[in-house]
Structure formats: C-alpha cells, structure tokens
Amino acid sequence: MIDLHYWPTPNGHKVLIFLEEAGLEHRILPVNIGAGEQFRPEFLAISPNNRMPAIVDHAPTDGGAPISVFESGAILLYLAHKTRSFGGRDPRAHVDVLQWLMWQMGGLGPMLGQNHHFTRFAPEKVPYAIDRYVKETARLYGVLDRQLDGRTFVTGEDFTVADMACHPWILPEAQGQDMANFPNVARWHATVAARPAVARAYERGKAIAPPK
C-alpha cells in the first residue's frame with residue numbers, strides 16, 4: 001500500500017498518473033493547500049519543504065520499514081525503480097528519460113508556475129513579469145515541440161515518467177499559448193490524455209477538488 005499525500009495540481013497529478021498506470025495499490029490522503037494543510041506538523045515529518053505531493057510506501061522492496069519520499073521527480077524515480085517500469089528500457093534510454101525529467105523539474109514546472117502566479121494569482125498585475133513568463137512558456141513549449149518531432153512520446157515510442165511529469169503542466173489557455181504554434185505538443189498531449197489510466201487520474205483529482 002502506498003499513501004499518496006495529494007492535491008490536484010500539476011505536481012500532484014504526476015504521481016497519481018504513475019500509480020494508475022502501474023496499477024499500484026494506493027490511497028489518496030488529500031492535502032488541501034488552499035487551507036494550509038501542507039504546514040501541518042505530521043505532513044512536515046514526511047515532506048520537509050511543506051510541499052505536496054509526498055508518498056509513504058508501506059511495502060518497500062527491501063521488506064523494511066515504510067519509506068517516505070517527497071518531491072514529485074524523486075517520487076517518480078522511486079516508483080520507476082520499485083516497479084522497474086516507465087524509466088527507460090536500457091541504460092541509454094534511461095539517461096534520456098532522466099534528462100527530460102530533470103528538464104521538467106528545473107524548467108517547465110518552475111517557469112510555468114511563475115506564469116500561473118503572475119497571470120492568474122498575483123494581487124496586482126505586473127506587466128513585465130507577465131510578459132517574461134508567458135514568453136518563457138512559449139520558449140519551453142517550443143523546446144518540447146522540437147523534441148516530439150517524429151516521436152510518439154517525449155523520449156521515443158515508450159511512455160515514461162518524462163511524459164507523466166510534463167503532461168499536467170501543459171495548460172495552454174491558462175498560460176497564454178496557441179497550440180497551433182506547437183503541433184507536436186498538441187498531438188502528444190491528446191495522445192497522453194486518451195490513455196485510460198491518465199484519464200482516471202485526472203478524474204480522481206476532479207472528484208477531490210473540481211477545477212475553478
């Protein structure tokens with residue numbers, strides 16, 4: 001059994017997609033970030049940065065005590081190792097998956113997160129910040145679009161944690177992007193969304209907190 005401390009945000013979706021795809025037994029423990037539940041002491045004990053998602057694996061492969069993991073990228077790598085799936089079929093493929101997972105963690109996620117903040121949530125509009133992050137979002141979409149040229153998924157023909165990490169962050173209407181400019185991203189995004197496990201993950205998120 002894996003406990004998933006979760007709220008339906010892009011980072012939360014990543015891990016739930018993996019659990020659904022892998023068919024791992026799990027239960028969702030909602031962490032309402034709007035109500036500040038991520039700052040509860042019991043959550044801090046497993047997520048020192050007060051950010052969700054986090055997991056507790058009650059059946060680690062070594063048979064020992066439960067293992068807690070925080071940071072969505074680390075969780076995906078942990079689960080890929082545990083299940084020996086979605087991490088690349090061989091060492092070279094694994095390196096490619098790692099590269100694109102780190103790209104998402106270091107670029108796509110943080111920059112699009114700043115886009116969301118300044119365009120949707122900041123108490124006052126800051127034109128310079130909005131322009132900066134909308135343009136950087138377009139640049140990153142372009143990087144992904146070029147990578148997807150001739151590939152079904154981010155690193156080739158296999159669906160991996162790189163796809164799981166990137167997909168929830170592609171929200172073109174909210175991010176000021178025209179998908180006509182990124183045809184490979186549009187095709188890939190629809191392909192991933194049509195996967196039954198991915199659709200289940202998003203629907204479970206909506207049941208916990210419907211989109212606003």
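## Ile55 and its surroundings

In this predicted model, Ile55 makes contact, leaving aside residues up to four places away in sequence, with Ile2, Asp3, Leu4, Val15, Ile67, Ser68, Val69, Ile75, Tyr78 and Leu79. Apart from the largest nonpolar core, a second core comprises 8 residues, including Trp7, Val31, Ile46 and Val56.

## The largest nonpolar core

Which residues touch the most other members of the largest nonpolar core? Among its 47 residues, that place is held by Phe18, Ile55, Leu79, Val161 and Trp188. Two or more residues of this core come from each of strand 1 (2–6), helix 1 (10–22), helix 3, helix 4, helix 5 (127–148), helix 6 (161–166), helix 7 (183–193) and helix 8 (196–208). Helix 4 supplies the largest share, with 6 residues.

## Overall architecture

The chain contains 8 helices and 4 strands, and their order along the sequence is β-α-β-α-β-β-α-α-α-α-α-α. The radius of gyration is 17 Å, close to the 17 Å that the globule rule gives for 212 residues, so the chain is as compact as a globular protein of that length. Taken along the principal axes, the box filled by the C-alpha atoms is roughly 50 × 45 × 25 Å.

Of the contacts in the chain with a separation of 6 or more, 65% are accounted for by residues 24 or more positions apart. One pair of residues distant in sequence is Gly113 and Gln175, which stand 62 residues apart along the chain and whose C-alpha atoms are separated by 9.4 Å. Gly113 belongs to helix 4 and is partly exposed, with a relative accessible area of 23%.

## Burial, surface and charge

Among the 212 residues of the chain, 48% count as buried. The area that the chain exposes is about 10600 Å², of which carbon and sulfur atoms supply 56%. As for charge, the chain carries 21 positive and 22 negative charges, and the mean positions of these two sets are 2 Å apart.

## Backbone features in the loops

Where in the chain does a cis peptide bond occur? Such a bond joins Met52 and Pro53, with an omega of about 10°. Pro53 is located in the loop between helix 2 (41–44) and strand 3 (54–57).

Two residues other than glycine have a positive phi, namely Glu71, with a value near 75°, and Phe86, with a value of about 65°. Glu71 is placed in the loop between strand 4 (67–70) and helix 3 (72–83), while Phe86 is found in the loop between helix 3 and helix 4 (91–121). Are these two loop residues buried or exposed? Glu71 has a relative accessible area of 34% and is partly exposed, whereas Phe86, at 18% relative accessibility, counts as buried, because buried means under 20% relative accessible area.

Conventions:
Residues numbered from 1 in each chain as written. Predicted model: local features only at pLDDT ≥ 70, side-chain atom pairs only at ≥ 80, totals over all residues. Heavy atoms only, no water. Rg over C-alpha atoms; globule rule 2.2 N^0.38 Å. Buried < 20%, exposed > 50% of the residue type's maximum accessible area, 1.4 Å probe, protein only. Contact = heavy atoms within 4.5 Å. Areas by Shrake-Rupley, 256 points an atom, 1.4 Å probe, with all protein chains shown as cover. Lys, Arg positive; Asp, Glu negative; His and termini not counted. Charge placed at Lys NZ, Arg CZ, Asp CG, Glu CD. Core = buried A, V, L, I, M, F, W, Y, C linked by side-chain atoms within 4.5 Å.
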